[in-house]
Amino acid sequence: MQASMQEAEIHTYARQLFEARGAKAAAEAAQKAHAFEEKGDKEQSRTWRHIEAAIKLMRGPNQS
């Protein structure tokens with residue numbers, strides 16, 4: 001994945017991950033973000049947090 005993704009790319013990737021992983025997609029994105037945080041890669045972590053947020057928006061307000 002690129003170091004800095006554009007907003008449209010983030011949403012496209014989030015949609016693809018959500019379609020592939022369903023309810024597990026947000027948790028997977030959060031785990032990846034955490035792994036990059038532990039490695040000190042703030043840019044990748046920020047990207048994965050953005051992907052996680054986009055997935056949560058796709059799921060809607062009735063799911064956590």
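**Reading three packed helices**

Biologist: I clicked on A26, which lies in helix α2. Before I go on, what kind of model is this?

Modeller: Hello! It is a predicted model. A26 is a good place to start.

Biologist: How do I read its accessibility: is A26 buried or exposed?

Modeller: The idea is to compare a residue's relative accessible area with a cut-off, and buried means under 20%. For A26 the value is 4%, so this residue is buried.

Biologist: Which residues does A26 touch, if I skip its neighbours within four places in sequence?

Modeller: A26 is in contact with E52, I55, K56 and R59. You can also compare places in the sequence with places in space: A26 and W48 are 22 residues apart in sequence, and their C-alpha atoms are 9.6 Å apart.

Biologist: Let me step back to the whole chain. How many helices and strands are there?

Modeller: There are three helices and zero strands. Reading from the N terminus, the order is α-α-α. The chain has 64 residues, and 30% of them count as buried. The chain exposes about 4,300 Å², with 51% of that coming from carbon and sulfur atoms.

Biologist: And how do I describe two helices that pack together?

Modeller: Two packed helices are described by the angle between their axes and by the distance between those axes. Try it on α2 and α3: they pack at an angle of about 165°, and their axes are 8 Å apart.

Biologist: Why does that angle make α2 roughly antiparallel to α3?

Modeller: Angles over 145 degrees count as roughly antiparallel, so α2 is roughly antiparallel to α3. The crossing of this pair is left-handed. Residues making the contact include A26, A30, A33 and F36 of α2 and S45, W48, E52 and I55 of α3. By class, the contact of α2 with α3 has nine nonpolar, three polar and six charged residues.

Biologist: S45 is on that list. Where is S45 found, and is it buried or exposed?

Modeller: S45 sits in helix α3. Its relative accessibility is 6%, so S45 counts as buried. Setting aside residues up to four places away in sequence, S45 touches A33, F36 and E37. The C-alpha atoms of S45 and A30 are separated by 8.9 Å, and these two residues are 15 apart along the chain.

Biologist: Now for the other pairs. At what angle do α1 and α3 pack?

Modeller: Helix α1 and helix α3, which covers residues 42-59, pack at about 60°, with their axes 9 Å apart. That angle makes α1 oblique to α3. The crossing of α1 and α3 is right-handed. Among the residues in this contact are I10, Y13, A14 and L17 of α1, together with W48, I51, A54 and M58 of α3. The classes here are 10 nonpolar, two polar and three charged.

Biologist: That leaves α1 with α2. At what angle do their axes cross?

Modeller: Helix α1 (residues 7-21) and helix α2 (residues 25-39) have axes that come within 8 Å and cross at roughly 120°. That makes α1 oblique to α2. In this contact, L17, F18 and R21 of α1 meet A25, E28 and A29 of α2. These divide into four nonpolar, no polar and two charged residues.

Biologist: One last thing. What share of contacts joins residues at least 24 apart in sequence?

Modeller: Take the contacts between residues at least 6 apart in sequence: 61% of them join residues at least 24 apart.

Terms used: Residues are numbered from 1 along each chain as its sequence is written. This is a predicted model: local features need pLDDT of at least 70, side-chain atom pairs count only at pLDDT 80 or more; totals for chains, interfaces and linings use all residues. Side-chain values use heavy atoms; hydrogens and water are left out. Axes are lines fitted to C-alpha atoms, for helices over the stretch in contact, and angles run from 0 to 180 degrees between N-to-C directions. Helices (H or I, at least four residues) and strands (E, at least two) are DSSP runs, numbered from the N terminus. Angles under 35 degrees count as roughly parallel, over 145 as roughly antiparallel, 65 to 115 as roughly perpendicular and the rest as oblique. Contact means heavy atoms within 4.5 Å. Ala, Val, Leu, Ile, Met, Phe, Trp, Tyr, Cys and Pro count as nonpolar, Asp, Glu, Lys and Arg as charged, and the others, Gly among them, as polar. Buried means under 20% relative accessible area, exposed over 50%, partly exposed in between (1.4 Å probe, protein chains only). Accessible areas come from the Shrake-Rupley method with a 1.4 Å probe; for residues, only the protein chains shown count as cover. A crossing is left-handed if the near helix is turned anticlockwise from the far one by less than a right angle, and right-handed if clockwise.
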